[in-house]
Amino acid sequence: MRIYFAISLLMLLAIAGFAQPNPAEQSPAAADRNEARWADWEAQARIADGDYDGAVQAEQQADTARYQADRHDTTGHLPR
């Protein structure tokens, strides 16, 4: 049972690593949305681990990335 769990975990980690597209091929807004998505997943993982302070920080990072993506969509650049 432990071997099955370890293999499953390694496969999920490998899939997650390959699933991230090359940031150079993305628009700035898409890269920011992708970063926000990953930060949301990080927050969920930290909540599951009981790390609520880390979850709050990850959510703040996600909010910042979403804000930057919105700014890229509306103005084409980041605010000064």
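Buried means under 20% relative accessible area, exposed means over 50%, and partly exposed is anything in between (1.4 Å probe, protein chains only). The model here is predicted, so local features need pLDDT of at least 70 and side-chain atom pairs count only at pLDDT 80 or more, while totals for chains, interfaces and linings use all residues. Residues are numbered from 1 along each chain as its sequence is written, and side-chain values use heavy atoms, with hydrogens and water left out.

**Exercise 1. Get the overall layout of the protein chain.**

Step 1: list the elements, taking helices (H or I, at least four residues) and strands (E, at least two) as DSSP runs numbered from the N terminus. That gives 3 helices and 0 strands, in the pattern α-α-α.

Step 2: check burial. Of the 80 residues, 16% count as buried.

Step 3: look at the surface, using Shrake-Rupley areas with a 1.4 Å probe, where for residues only the protein chains shown count as cover. The accessible surface comes to about 6,300 Å², and 59% of that belongs to carbon and sulfur atoms.

Step 4: go through the contacts (heavy atoms within 4.5 Å). Among contacts with a separation of 6 or more, 42% are between residues 24 or more positions apart.

**Exercise 2. Follow the salt bridges around Arg66.**

Step 1: set the rule, a side-chain nitrogen of Lys or Arg within 4 Å of a carboxyl oxygen of Asp or Glu. The count comes to 6 salt bridges.

Step 2: start with Arg66 and Asp40, whose closest N and O atoms are 2.9 Å apart. This pair links distant parts of the chain: Arg66 sits in helix α3 (residues 52–75) and Asp40 in helix α2 (residues 28–49), 26 residues apart.

Step 3: add Glu59, which also bridges to Arg66, with a closest N and O distance of 3.9 Å. Asp40, Glu59, Asp63 and Arg66 are linked in a network of salt bridges.

Step 4: see how open these residues are. Arg66 is partly exposed at 32% relative accessible area, Asp40 is partly exposed at 22%, and Glu59 is partly exposed at 30%.

Step 5: pick up another pair. Asp51 and Arg46 form a salt bridge at 2.6 Å, N to O; Asp51 is partly exposed at 29%, and Arg46 is partly exposed at 29%.

**Exercise 3. Check the length of α2 and work out what sits under cover.**

Step 1: the expected span is 1.5 Å times one less than the number of residues. For the 22 residues of α2 that should be 32 Å, and the end C-alpha atoms are 31 Å apart, which agrees.

Step 2: list the buried residues of α2, namely Ala29, Asp32, Asn34, Ala36, Ala39 and Ala43. Their cover includes α3.

Step 3: zoom in on Asp32. It is buried yet has no salt bridge, and the nearest side chain of opposite charge (Lys and Arg count as positive, Asp and Glu as negative; His and the chain ends are not counted) is Arg33, 7.5 Å away.

Step 4: leave aside neighbours within four places in sequence, and Asp32 is in contact with Ala65, Gln68, Ala69 and His72.

Step 5: see what follows the helix. After α2 comes Gly50, with a positive phi near 85°.

**Exercise 4. Find the nonpolar surface patch.**

Step 1: patches take residues with over 30% relative accessible area and no salt bridge, joining like charges within 9 Å and nonpolar side chains (Val, Leu, Ile, Met, Phe, Trp, Tyr) within 5 Å.

Step 2: Ile3, Ile7, Met11 and Ile15 make a nonpolar patch of about 430 Å².

Step 3: place Met11. It belongs to helix α1 (residues 2–19) and is exposed at 52%.
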